[in-house]
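Please follow how the helices of this chain pack and how charged side chains pair between and within them. The structure is shown first, and the explanation comes after it.

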Amino acid sequence: EEAAKMRVIEALPRHGWHQFSHALVQRTLADELSLTRRVRLHARVGEVMEAMYGADAGKHAAELAYHFAQAEAAAGPEKVVHYSLLAGEQALGAYAYEEAVQHFKRALAAKGDGPPDGERAETLAGLGRAQVGSLERTDMQAAIDSLAQAVDCYLAIGERQRAVAVSAIPLTAVPGSTDVASLLERVLPYLDDQSTVTPILLARYGEALGIERNDPEGASTFLTKAERVATTLNDREAALHVSVYRVAVKTHHAMYEGMPDRAVEVWRHARELGNTEFELNMAHLAVVAQVTFGDAGG
């Protein structure tokens with residue numbers, strides 16, 4: 001009551017809840033506390049919130065992660081990691097990629113150095129996914145490095161299928177900037193020809209060979225293998241990936257023969273399957289190819 005009368009805090013519509021009237025008031029009061037006292041208060045706040053939210057505590061992961069991170073010296077790292085992971089996944093679900101990056105980095109910092117385990121692998125995979133969404137194409141190697149570490153962790157603990165799933169996160173090969181090929185090489189021995197992800201990863205590896213390592217022959221070998229697996233599985237979506245990556249390699253190496261017709265064909269395939277990203281990419285390439293080869297009317 002005294003604080004409310006002084007307008008240091010103000011009541012919220014929810015019964016019994018209050019907030020500081022201004023962030024500066026909160027900061028000033030917090031700064032007056034000793035470090036030990038502040039750590040203990042954050043730990044107590046986190047514990048009270050956990051008890052209050054009960055089974056719904058996970059829905060408030062960002063709040064809890066913050067308080068337990070501030071209280072890590074007293075409460076330990078376990079809850080920091082747990083709630084930061086949850087908060088990171090929730091941020092990813094809301095397309096808040098930069099926020100997700102911070103949550104996953106906090107979880108990794110709390111885990112510190114240690115042997116590979118599922119929690120570390122999950123955190124690295126989340127960080128990589130968040131970086132894919134937040135970084136520019138020229139900075140994408142940071143995301144690839146995070147995903148590669150996640151793959152290594154999963155392989156170290158025998159989780160081969162999880163490693164393959166992480167490597168299947170969409171990445172763009174950028175000449176001179178990325179090393180997607182090295183990431184995919186980690187899981188090539190564990191690909192199953194009965195899995196629909198296999199032709200996509202083989203095709204993506206072929207693209208990486210052609211674009212990152214300037215190896216069109218190696219690219220053709222893996223793209224052909226990917227096409228064969230996609231045909232065996234009767235998987236039109238995988239076949240579309242193969243076609244798109246083949247066009248990308250040919251374009252990178254200035255292999256323009258038949259390009260306008262091929263780009264239009266792949267564009268139609270993407271449109272039929274409702275793959276908007278590939279449809280737009282191939283439509284742009286088709287227009288450029290038609291203009292370049294004197295068929296602007298097409």
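A residue counts as exposed when its relative accessible area is over 50%, as buried when that area is under 20%, and as partly exposed in between. The model under discussion is a predicted one.

With that scale in hand, a pair of charged side chains makes a suitable starting point. The side chains of Arg236 and Glu272 form a salt bridge, with 2.8 Å from N to O. Because Arg236 belongs to helix α14 (residues 236–252) and Glu272 to helix α15 (residues 259–273), this pair ties together parts that are 36 residues apart in sequence. Glu272 has a relative accessibility of 56% and therefore counts as exposed, whereas Arg236, at 43%, counts as partly exposed.

Helix α15 also holds a salt bridge of its own, in which the side chains of Arg262 and Glu265 meet at 3.0 Å, N to O. These two residues are three residues apart in α15, about one turn of the helix. Arg262 is partly exposed, with a relative accessible area of 25%, and Glu265 is partly exposed too, with a relative accessible area of 45%. Elsewhere, Lys111, Asp117 and Glu119 are joined into one network by salt bridges that share partners. By the rule applied here, the count comes to 13 salt bridges.

Another of these pairs leads to the packing of the helices. The side chains of Glu89 and Arg129 meet in a salt bridge of 3.2 Å, N to O, and the pair links distant parts of the chain, with Glu89 in helix α6, Arg129 in helix α8, and their positions 40 residues apart. Glu89 is partly exposed at a relative accessible area of 28%, and Arg129 counts as partly exposed at 32% relative accessibility.

Helix α8 (residues 118–134), in turn, packs against helix α9 (residues 141–156) at an angle of about 160 degrees, with their axes 8 Å apart. That angle makes α8 roughly antiparallel to α9, and α8 passes α9 in a left-handed crossing. On the side of α8 the contact is made by residues including Arg120, Ala121, Leu124, Leu127, Gly128 and Arg129, and on the side of α9 by residues including Ala142, Ser146, Leu147, Ala150, Cys153 and Tyr154. Arg129 is thus both a member of this contact and a partner of Glu89 in a salt bridge. Sorted by character, the residues of the contact of α8 with α9 divide into 11 nonpolar, four polar and three charged.

Helix α6 (residues 78–93), the one that carries Glu89, takes part in a packing with helix α4 (residues 61–70), where the axes come within 8 Å and cross at roughly 150 degrees. Here α4 passes α6 in a left-handed crossing. Ala61, Ala62, Leu64, Ala65, Phe68 and Ala69 in α4 meet Lys79, Val80, Tyr83, Ser84, Leu86, Ala87 and Gln90 in α6, and the residues of this contact divide into 10 nonpolar, two polar and one charged.

Which residues does His103 touch, not counting residues up to four places away in sequence? They are Ala62, Ser84, Ala87, Gly88 and Ala91, and among them Ala62, Ser84 and Ala87 also belong to the contact of α4 with α6. His103 itself lies in helix α7 (residues 97–111) and, with a relative accessible area of 8%, is buried.

How values were computed
Residues are numbered from 1 along each chain as its sequence is written. This is a predicted model: local features need pLDDT of at least 70, side-chain atom pairs count only at pLDDT 80 or more; totals for chains, interfaces and linings use all residues. Side-chain values use heavy atoms; hydrogens and water are left out. Axes are lines fitted to C-alpha atoms, for helices over the stretch in contact, and angles run from 0 to 180 degrees between N-to-C directions. Helices (H or I, at least four residues) and strands (E, at least two) are DSSP runs, numbered from the N terminus. Angles under 35 degrees count as roughly parallel, over 145 as roughly antiparallel, 65 to 115 as roughly perpendicular and the rest as oblique. A crossing is left-handed if the near helix is turned anticlockwise from the far one by less than a right angle, and right-handed if clockwise. Contact means heavy atoms within 4.5 Å. Ala, Val, Leu, Ile, Met, Phe, Trp, Tyr, Cys and Pro count as nonpolar, Asp, Glu, Lys and Arg as charged, and the others, Gly among them, as polar. A salt bridge is a side-chain nitrogen of Lys or Arg within 4 Å of a carboxyl oxygen of Asp or Glu. Buried means under 20% relative accessible area, exposed over 50%, partly exposed in between (1.4 Å probe, protein chains only).
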